[in-house]
Amino acid sequence: MQDKTVSSSKAFDNLKKVGKSKGFSAFTAALLAILLGLIFGYLIMRIASPANSFLGFQMLLIGGFKRIGDVFYFATPILMTGLAVGFAFKMGLFNIGASGQYTMGMFFALYVGFMWKLPDSIHWIACILAGMVGGMLWGLIPGIFKAFLNVNEVITSIMFNYIGMYLVDMLIQGNAAMYISSKTRTAYLPASAQLPTLGIPHSSVNISIILSITLALILFIVLNKTTFGYELKATGFNKFASAYAGMNDKRNIILTMVIAGAMAGLGGAFAILAPSTIAGSSMTYEPVSVIAANGFNGIAVALLGNSNPIGIIFSAVFISHIQRGGTLASLYGYKPEIIDVVIAVIIYFSAFAMLMNSTVANLIKKRYSKKQSVKIPPADQKEGA
Amino acid sequence: MENYIIEMLNITKEFPGIIANDNITLRLKKGEIHALLGENGAGKSTLMSVLFGLYQPEKGEIKKNGKVVKINNPNDANDLGIGMVHQHFKLIDIFTVLENIILGVEPNKLGFLQKKQAREKVLKLSKQYGLEVNPDALIEKISVGMQQRVEILKMLYRENDILIFDEPTAVLTPQEIDELMEIMREFAREGKSILFITHKLNEIMAVADRCTVLRKGKYIGDVAIKDTTKEELSRMMVGRDVNFKVHKKTMELGDVVLLVENITVSSKIHKNNAVKNVSFNVRAGEIVCLAGIDGNGQTELVAALTGLENISNGSIILGGKNITKANIRTRSMSGISHIPEDRHKYGLVLDYSLEKNLVLQRYWQPEFQTFGFIKTKAVRSYADRLIKQYDVRSGQGPITPVRSMSGGNQQKAILAREIDKEHELIIAVQPTRGLDVGAIEYIHKQLVSRRDAGKAVLLVSLELEEVMNLSDRILVMYEGEIVGELDAKATTVQELGLYMSGAKRGTTKENENAG
């Protein structure tokens, strides 16, 4: 196609090369989305309270650096649910059920934490693994429905969000060892079930952030270096071609959903097993019939990270960073809801990210090719006649 | 100065990154049939879209009867008397013939349809030109040839006198093509002017008065048909000499490779069976062609053979092994190579690189993976070899995204993959669809070389020329059945056409005296 445009300018060549690199375009798209989101976020803060808007916005942007431990602590669960959504998305499955898988994982971890008496050194490991199993279970069922009955995974996994949440609330409220009804929350977990801390003062940041990043790297390798990843992405890109090549799509769908569920389940376990900064306490769960927000945040994290495990690491940390900054911005009189609005705006723009990216690329292409096509000499009309 | 009804002068139309029409001039005389010839992507459709008001050219002007006109949209074109039969018909399936004809110019009184006078006009036109239609039949119930008549009647109803036919013969049987040609001549005698877009040289030689040739967006020439030959036209179209004849050596027939017995495949579209009780075989060293008009069960039959679809009855035996119930991969490993009909939907993962597509059928073999990890280097060197051996051209070699490659090279990549894989039988479904003459030549050569290497080839094609040129034996499918088995050397296009339209059944020997 391009052979007709005489590419004379070197700058254009470079631009074209850069524009073609996939990683770069995804990265610019995310940056553009963030930038536009921030501008709109600032405008919203300006409208909400003009006097403090600059200082407030400054705090929103850099406040996270003052609580670096917390940034990573809060990034952990959304990193895991982000992986759960992004990994499934690579196969063309929209795993909206990360919340349910997250809740199930949390419950399984809690159950093992309270009910199993194990040596201190392996108790927390058993809790993590239990969480993983819980998430896998909640990914497996929609996966089976999708693979064998072709039931849309969006519908089943939304239903499983509710089923999981009510089931867990019911089971916890009915278990005297886990639930303190006077405080409407779970009891404190034994210290042996809590994850080893990373030792940053006044922060619950713990070993799970390292585990999460490791898992993201493993998923990256699975996706890009293995035959399973090859099949998974091929199915995501073109399920007809993958069927033509004889890939076992039923097995792959189930396996993908199980792995996605495992990630979200681990996220739930990591969240609830995190060590408390106050000695003798722990994280607790309140069974108040609300679907876990971390599951839905995972969708945003995956979108912003372009479903790439490495991208998801950064997008999770970024969203967590903005959230921490937002909490500090409340010192200037901003309500946490404003921060939620800003984050929502960023996510909203990330949905447009791909669109903006291609528009910009086309604009550049158009400008240059127009300039160049003028230089082409008129066709020789006698040729061949 | 001759009397031109339409002149398109120095038309230039650009799209981002490509100049689709580069300074093209086309002059149409009153009462002539003017062919517009060019390969895929030569800019024929763009030029016609400019004339029809769908695109605005950057440069150049359009004149009607010597006066400059501006065509901003299809309504303007209609007002100038320009009508078009599109390659893909623009008809509403659930409306009747009459309703489709009057669509957009409905005669009405205060908003109430006046169908009666419309019907009279349509019946009069249809009688006048021998375009028989039933005005009350639903479009979805009538044949493709009939639908085309409706499109033609649409133009006549609007009293257009400049008629554009965009690849009108692609969907017709030889007999229907002859009828269409006759109708076109009749129009020309009446003083209507016809623009006939095609890449089939025989049709141009048969019906056109003059021909404008385009190549890669450029104007190549404008010739009178009586002063030219098929070879010269093809040279103008392609830019070099083209070999139309495929050379095949005589082969000793080998063992039966594929044996299909009484298979029936149900249809996904309607309640009837798409393939009805079909039996045939393909032997080593021969090219068997499944001919027929599109939609007569060929697609479903191939899907059943390759395992993409289940059969409800019958058996499939490949090299003595029963594969009726085997899954796709087992069949592929047992020796079936499949060049699919829709290369974008089935044949390729467009977002994958070329090298990843080249191992699509083999990535799981020990040669390319250990413990589930893909051997990147092995894949790369395999891809390099195939690219070189089969001359697959691309921008960045093995890492080129397949989406950015040309159709011909995409098809070459599939061909390379399927031929290089161990196989006894190649099932090639319309392997040359949408390709230019050079690529067609190459793919034909490769298929013949497979036959000469003692493999079995099952070719499904809608192109009669391809069927006649390549095959040793022809099976004609009509409404899900094999209605004829013909010896390619002993039959003619006309006879083939009779079978394809369902007018004739049986084998060549049975019908020795007919046709």
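Chain B of this predicted model is built from 17 helices and 25 strands. A compact globule of 515 residues would be expected to have a radius of gyration near 24 Å, and chain B comes out at 25 Å, so the two agree. Taken along the principal axes, the box filled by its C-alpha atoms is roughly 70 × 50 × 50 Å. Buried residues account for 46% of the 515 residues in the chain. Then there is the question of who touches whom: among contacts in chain B between residues at least 6 apart in sequence, 66% link residues at least 24 apart.

How sure is the predictor about all this? The average pLDDT of chain B is 88, with 96% of the residues scoring at least 70. The tail is another story, since residues 509-515 of chain B have a pLDDT below 50. Beyond near neighbours in sequence, that stretch has seven contacts in the model. For the model as a whole, the scores are ipTM 0.78 and pTM 0.75.

Helix 15 of chain B is a good one to look at up close. Running over residues 437-452, this helix has 16 residues and spans 22 Å from its first C-alpha to its last, close to the 22 Å expected at 1.5 Å a residue. Its buried residues are B:Val437, B:Ala439, B:Ile440, B:Ile443, B:His444, B:Leu447, B:Arg450 and B:Arg451. Looking down the axis of helix 15 of chain B, these buried residues fall within an arc of 155 degrees, so they line one face of the helix. What does that set of residues pack against? In chain B, the partners are helix 8 (230-238), strand 15 (287-291), helix 14 (407-420), strand 21 (425-429), strand 22 (456-460) and helix 16 (464-470). After helix 15 of chain B comes B:Gly454, with a positive phi near 85 degrees.

Helix 9 of chain B (residues 298-306) is mostly covered, with nine of its nine residues buried. Among them are B:Gln298, B:Glu300, B:Leu301 and B:Val302. Just after helix 9 of chain B sits B:Gly307, and here too phi is positive, at about 95 degrees.

Now for the other chain. Chain A has 14 helices and two strands, and 48% of its 385 residues count as buried. Among contacts in chain A between residues at least 6 apart in sequence, 79% join residues at least 24 apart.

A:Ser157 shows what such contacts can look like. This serine belongs to helix 7 (residues 153-173) of chain A. A:Ser157 has 31 other C-beta atoms within 10 Å, which means that it is buried, the cut-off being 20 or more. Leaving out residues up to four places away in sequence, A:Ser157 touches A:Asn95, A:Ile96, A:Gly97, A:Gly100 and A:Pro142. Its C-alpha atom is also 9.1 Å from that of A:Phe94, although the two are 63 residues apart along the chain.

The largest nonpolar core has 96 residues, and those touching the most other members are A:Leu79, A:Leu83, A:Ala84, A:Ala109, A:Met263, A:Ala269 and A:Leu273. Helix 11 (residues 249-273) of chain A gives the most to this core, with 14 residues. Another core, of 85 residues, lies apart from it and includes B:Leu301, B:Leu435, B:Ile440 and B:Leu475. Back in the largest core, A:Ala109 has contacts that include A:Cys127, A:Ile128, A:Gly268, A:Ala269 and A:Leu273, not counting residues up to four places away in sequence.

Terms used: Residues numbered from 1 in each chain as written. Chains lettered and ligands numbered in written order. Predicted model: local features only at pLDDT ≥ 70, side-chain atom pairs only at ≥ 80, totals over all residues. Helix = DSSP H or I, 4+ residues; strand = E, 2+ residues; numbered from the N terminus. Rg over C-alpha atoms; globule rule 2.2 N^0.38 Å. Buried ≥ 20, exposed ≤ 12 C-beta atoms within 10 Å, placed from the backbone. Contact = placed C-beta atoms within 7 Å. Expected span 1.5 Å × (residues − 1). Arc of directions from axis to C-beta. pLDDT = per-residue confidence, 0-100. Core = buried A, V, L, I, M, F, W, Y, C linked by C-beta atoms within 7 Å.
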